[in-house]
Amino acid sequence: MRYLILSDMHANWDAFEVVLRRTRRKRFDAALVLGDLVGYGGAPNQVVEAVRRLGPKVYTVRGNHDKVVAGIDNGSNFNQTALTAAQWTTGRLTPKNLRYVRELPRGPLGVEEGMAICHGSPLDEDTYVFSDVDAYEIFSQFTVPVVFFGHTHIPSIFSLEGRRLRVAPLKGDGGTIHLHPEGRYLLNPGSIGQPRDRDPRASYMIYDSRRRVVRWYRVPYPVGEAQKKIREAGLPGSLADRLAVGT
Ligand code: ZN
């Protein structure tokens with residue numbers, strides 16, 4: 001099976017549209033969406049509608065922003081900027097799109113034998129996976145060998161091959177990773193709508209589960225257009241500024 005793996009679009013339609021256009025001609029059997037469709041950005045309806053139209057098959061899990069926007073979580077652990085954006089998004093989404101966001105399932109979600117997706121950690125959907133310690137805890141408690149996760153907005157790979165634990169950010173224009181049949185992996189495709197690794201380009205992955213090959217990609221998009229939508233919506237200006245630098 002070939003999977004298109006998308007995460008953390010954060011209502012950035014200008015970035016998401018470029019990624020969808022780039023991947024249209026690459027055949028894939030299913031799209032995996034790792035949460036945070038909305039929050040921060042100025043185009044939540046366009047992004048939710050595009051996810052709903054993704055085909056031929058789509059697996060999604062909810063993110064922490066999706067939960068606050070949908071009223072599942074009250075956002076008490078959000079900073080003021082994130083909370084303001086979430087509240088604006090709740091008011092802006094059409095009833096149908098808001099219902100879709102509210103009904104996104106909680107991760108982890110099994111996709112095929114030996115493979116799962118989640119937003120934060122497979123042990124807890126809201127937990128950030130940054131370090132080798134975080135990864136080790138997951139490898140020792142969660143037995144699915146290939147897990148795709150989001151939430152940190154940093155494209156990266158955590159692997160356990162034999163007894164060797166490795167953590168590596170994925171830097172540069174893109175690349176290919178071959179997964180060992182016996183290895184264990186936590187893979188983060190990075191964020192489409194708000195990258196945080198000081199590279200403003202949108203980030204995503206494609207995984208061929210039969211050949212066990214992951215490809216990751218970075219694509220430039222019209223950042224100025226996304227910034228304009230944020231400013232015109234009256235959202236905090238810092239949300240527009242950070243897109244230019246990828247923080
Ligand atoms: Zn996010």
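**Two sheets and their helices: a dialogue on a predicted model**

Strand β2 (residues 30–33) pairs with β3 in the parallel sense, over three bridges. The model discussed here is predicted.

Biologist: In β3, which residue is the bridge partner of V33?
Modeller: β2 and β3 are joined by three bridges in the parallel sense. In the bridge that involves V33, the partner in β3 is T60.

Biologist: In what order do the strands of the open sheet that contains β3 and β9 stand?
Modeller: This open sheet is formed by six strands, and its pairing is mixed. The edge strands are β3 (58–60) and β9 (174–178), each of which pairs on one side only. The twist from one strand to the next averages 20°. Read across the sheet, the order is β3-β2-β1-β11-β12-β9.

Biologist: Which residue in β11 does Y3 stand opposite?
Modeller: Strand β1 (residues 2–6) runs antiparallel to β11, and four bridges join the two. Opposite Y3 in β11 stands Y207.

Biologist: How many bridges join β11 to strand β12?
Modeller: β12 comprises residues 213–219 and runs antiparallel to β11. One of the pairs links I206 with its bridge partner in β12, R215. The number of bridges joining β11 to β12 is seven.

Biologist: Which residue takes a positive phi in the hairpin of β11 and β12?
Modeller: The hairpin has four residues between its strands. The positive phi lies near 55°, and the residue that takes it is R212.

Biologist: How many residues of strand β11 are buried?
Modeller: In a regular strand the side chains alternate between the two faces of the sheet. On one side of β11, A202, Y204, I206 and D208 are buried, and on the other S203, M205 and Y207 are buried. Both faces of β11 are thus covered. Of the seven residues in β11 (residues 202–208), the number buried is seven.

Biologist: At what angle to β11 does α1 run?
Modeller: Helix α1 lies across three strands, β1, β11 and β12. Relative to β11, the helix runs at about 35°.

Biologist: Are α1 and α2 roughly parallel or roughly antiparallel to each other?
Modeller: Two packed helices are described by the angle between their axes and the distance between the axes. The axes of helix α1 (residues 13–23) and helix α2 (residues 44–53) come within 9 Å and cross at roughly 25°. Angles under 35 degrees count as roughly parallel. The two helices are therefore roughly parallel.

Biologist: Of the residues in the contact of α1 with α2, how many are charged?
Modeller: The crossing of the two helices is left-handed. From α1 come W13, F16 and L20, which meet Q46, V47, A50 and V51 in α2. The residues of this contact divide into six nonpolar and one polar, and the number charged is none.

Biologist: Which are the edge strands of the open sheet that contains β5 and β10?
Modeller: This open sheet has six strands with mixed pairing, in the order β4-β5-β6-β10-β7-β8. The twist from one strand to the next averages 15°. The strands that pair on one side only, and so form the edges by their place in that order, are β4 (109–112) and β8 (164–169).

Biologist: Which residue takes a positive phi in the hairpin of β4 and β5?
Modeller: β4 and β5 pair in the antiparallel sense over three bridges, and L109 stands opposite I117 in β5. The hairpin has two residues between the strands. A positive phi near 80° is taken by G114.

Biologist: In β6, which residue is the bridge partner of A116?
Modeller: Strand β5 (residues 115–117) and strand β6 (residues 146–148) pair in the parallel sense over three bridges. The partner of A116 in β6 is V147.

Biologist: Which residue in β10 does S159 stand opposite?
Modeller: β10 is joined to β6 by three bridges in a parallel run, and to β7 by five bridges in the antiparallel sense. On the β6 side, V146 stands opposite Y185. On the β7 side, S159 likewise stands opposite Y185.

Biologist: How many residues of β10 are buried?
Modeller: R184, L186 and N188 are buried on one side of β10, and Y185 and L187 on the other. Both faces are covered. Of the five residues in the strand, the number buried is five.

Biologist: What angle does the direction of helix α6 make with that of β10?
Modeller: Helix α6 (residues 132–141) packs on the sheet and touches β7 (156–161), β8 and β10 (184–188). With the direction of β10, that of α6 makes about 130°.

Key
Residues are numbered from 1 along each chain as its sequence is written. This is a predicted model: local features need pLDDT of at least 70, side-chain atom pairs count only at pLDDT 80 or more; totals for chains, interfaces and linings use all residues. Side-chain values use heavy atoms; hydrogens and water are left out. Two strands pair if DSSP finds at least two bridges between them. Axes are lines fitted to C-alpha atoms, for helices over the stretch in contact, and angles run from 0 to 180 degrees between N-to-C directions. Contact means heavy atoms within 4.5 Å. Angles under 35 degrees count as roughly parallel, over 145 as roughly antiparallel, 65 to 115 as roughly perpendicular and the rest as oblique. A crossing is left-handed if the near helix is turned anticlockwise from the far one by less than a right angle, and right-handed if clockwise. Ala, Val, Leu, Ile, Met, Phe, Trp, Tyr, Cys and Pro count as nonpolar, Asp, Glu, Lys and Arg as charged, and the others, Gly among them, as polar. Buried means under 20% relative accessible area, exposed over 50%, partly exposed in between (1.4 Å probe, protein chains only).
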